[in-house]
Amino acid sequence: MRGHSKYVIILSLICFPIIVKAQTDPDFHLYLLAGQSNMAGRGEVMGKYKNESNARVYMLDKSNKWVPAKHPLHFDKPAVTGVGPGLTFGIQMAKTNPAIKIGLVPCAVGGTSINAWTAGGYDESTKTHPYDDAVKRIHQAMKSGVFKGIIWHQGESDSNTKVTETYITTLSRLITDFRDVIRDPELPFVAGQLGTYKDQYAGINRVLLTLPAQLKNTAVASSKGLKHKGDLTHFDSPSAEKLGKRYSKKMKRLQRVKNLK
């Protein structure tokens with residue numbers, strides 16, 4: 001009987017193999033990077049930016065594989081993508097704890113209006129669905145780690161239209177939608193101001209400052225003193241780097257408040 005039982009056990013293991021479910025790593029902290037071109041990055045990848053990296057900072061590439069993060073993070077418009085705030089942000093977040101890894105999920109699409117960042121929204125120039133594509137990448141990333149926040153930079157495309165009047169309402173809805181997808185109603189969200197070098201951006205910058213009063217666990221990173229790269233639209237590389245540091249300071253503050261609750 002003992003021999004028979006041993007035979008049955010072995011046969012069962014052969015016929016019904018044990019399935020081990022992959023576990024997400026709680027020490028792999030994920031961040032969504034969304035918006036338009038200044039989040040995607042348009043600064044020149046020169047000098048120190050060519051090799052900027054951190055051994056504990058990764059990016060989800062176009063094929064949904066985790067690779068070491070480097071400039072450019074995004075792939076919305078390969079011919080022009082460059083240095084943005086995301087990599088510096090990720091490196092700064094990694095410094096908070098030597099035991100964690102950072103996973104950046106680039107989803108920005110240059111030239112997109114905030115109205116493209118809705119379910120079914122479509123961007124003609126890139127033939128993409130910015131929000132829907134981001135949701136797919138969120139789900140893919142969540143197989144590996146845990147989302148800790150979102151950084152957002154967008155508004156140039158909406159700065160000279162009536163969209164400005166309803167911008168915060170639309171942005172608040174988007175934040176809520178992202179939080180629902182990630183299943184964290186208090187997920188920290190930091191929006192970045194547009195460059196102060198263009199007068200028509202003042203409207204978006206003004207309404208952005210009202211975001212924290214509209215929605216909890218949100219903050220705004222200042223663009224004061226940041227410079228454009230000569231086109232009156234896109235941050236140069238040093239300014240993108242400074243903005244990344246400002247994002248990280250705001251994100252850390254939101255996380256501390258959240259953890260105290």
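Mentor: Let's start with a term: a salt bridge is a side-chain nitrogen of Lys or Arg within 4 Å of a carboxyl oxygen of Asp or Glu. The model above is a predicted one, where local features need pLDDT of at least 70 and side-chain atom pairs count only at pLDDT 80 or more, while totals for chains, interfaces and linings use all residues. Residues are numbered from 1 along each chain as its sequence is written, and side-chain values use heavy atoms, with hydrogens and water left out.

Trainee: How many salt bridges does the count come to?

Mentor: Side chains of opposite charge can pair when their charged atoms come close. Here the rule gives five salt bridges. One of them joins R42 to D76, with the closest N and O atoms 2.9 Å apart. R42 sits in the loop between α2 (37-40) and β2 (57-60), and D76 in the loop between β3 (66-68) and α3 (86-94), so this pair ties together parts 34 residues apart in sequence. The α and β labels are helices (H or I, at least four residues) and strands (E, at least two), taken as DSSP runs and numbered from the N terminus.

Trainee: Is R42 buried or exposed?

Mentor: Buried means under 20% relative accessible area, exposed means over 50%, and partly exposed is in between (1.4 Å probe, protein chains only). R42 is buried, because its relative accessible area is 6%. Its partner D76 has 13%, so D76 counts as buried too.

Trainee: Where in the chain do D184 and K258 lie?

Mentor: D184 forms a salt bridge with K258, and their closest N and O atoms are 2.5 Å apart. This pair links distant parts of the chain: D184 is in the loop between α5 (163-182) and β6 (189-192), K258 is in helix α8 (residues 237-260), and they are 74 residues apart. D184, at 16% relative accessibility, is buried, whereas K258, at 23%, is partly exposed.

Trainee: What does D25 form a salt bridge with?

Mentor: Its partner is K101, with 3.7 Å between the closest N and O atoms. D25 lies in the loop between α1 (2-15) and β1 (28-35) and K101 in strand β4 (residues 101-106), so parts 76 residues apart in sequence are tied together. D25 is partly exposed at 27%, and K101 is partly exposed at 33%.

Trainee: Now the sheet. What order do the seven strands have?

Mentor: Strands of a sheet pair through backbone hydrogen bonds, either parallel or antiparallel. Two strands count as paired if DSSP finds at least two bridges between them. This open sheet has seven strands in the order β3-β2-β4-β1-β5-β6-β7, with mixed pairing. β3 and β7 (218-221) stand at the edges with a single partner strand each, so one side of each has no neighbour in the sheet. From one strand to the next, the twist averages 25°. (Such angles use lines fitted to C-alpha atoms, for helices over the stretch in contact, and run from 0 to 180 degrees between N-to-C directions.)

Trainee: How many bridges join β5 to β6?

Mentor: Three bridges join strand β5 (residues 146-153) to β6, and the two run parallel. W152 has A191 in β6 as its bridge partner. On the other side, β6 and β7 are also parallel, over four bridges, with F189 partnered by T218 in β7. In β7, T218 and V220 point one way and A219 and A221 the other, and all are buried.

Trainee: What does α5 lie across?

Mentor: α5 lies across β1, β5, β6 and β7, running at about 160° to β5. K148 is in strand β5 and is partly exposed at 29%. Beyond its neighbours within four places in sequence, K148 is in contact (heavy atoms within 4.5 Å) with residues including H29, L187 and M251.

Trainee: What should the 24 residues of α8 span?

Mentor: The expected span is 1.5 Å times one less than the number of residues. For α8 that gives 34 Å, and the end C-alpha atoms are 35 Å apart, which agrees. Among its buried residues are L243, Y247, M251 and L254, and the cover over the buried residues of α8 includes β1, α2, α3, β5, β6 and β7.
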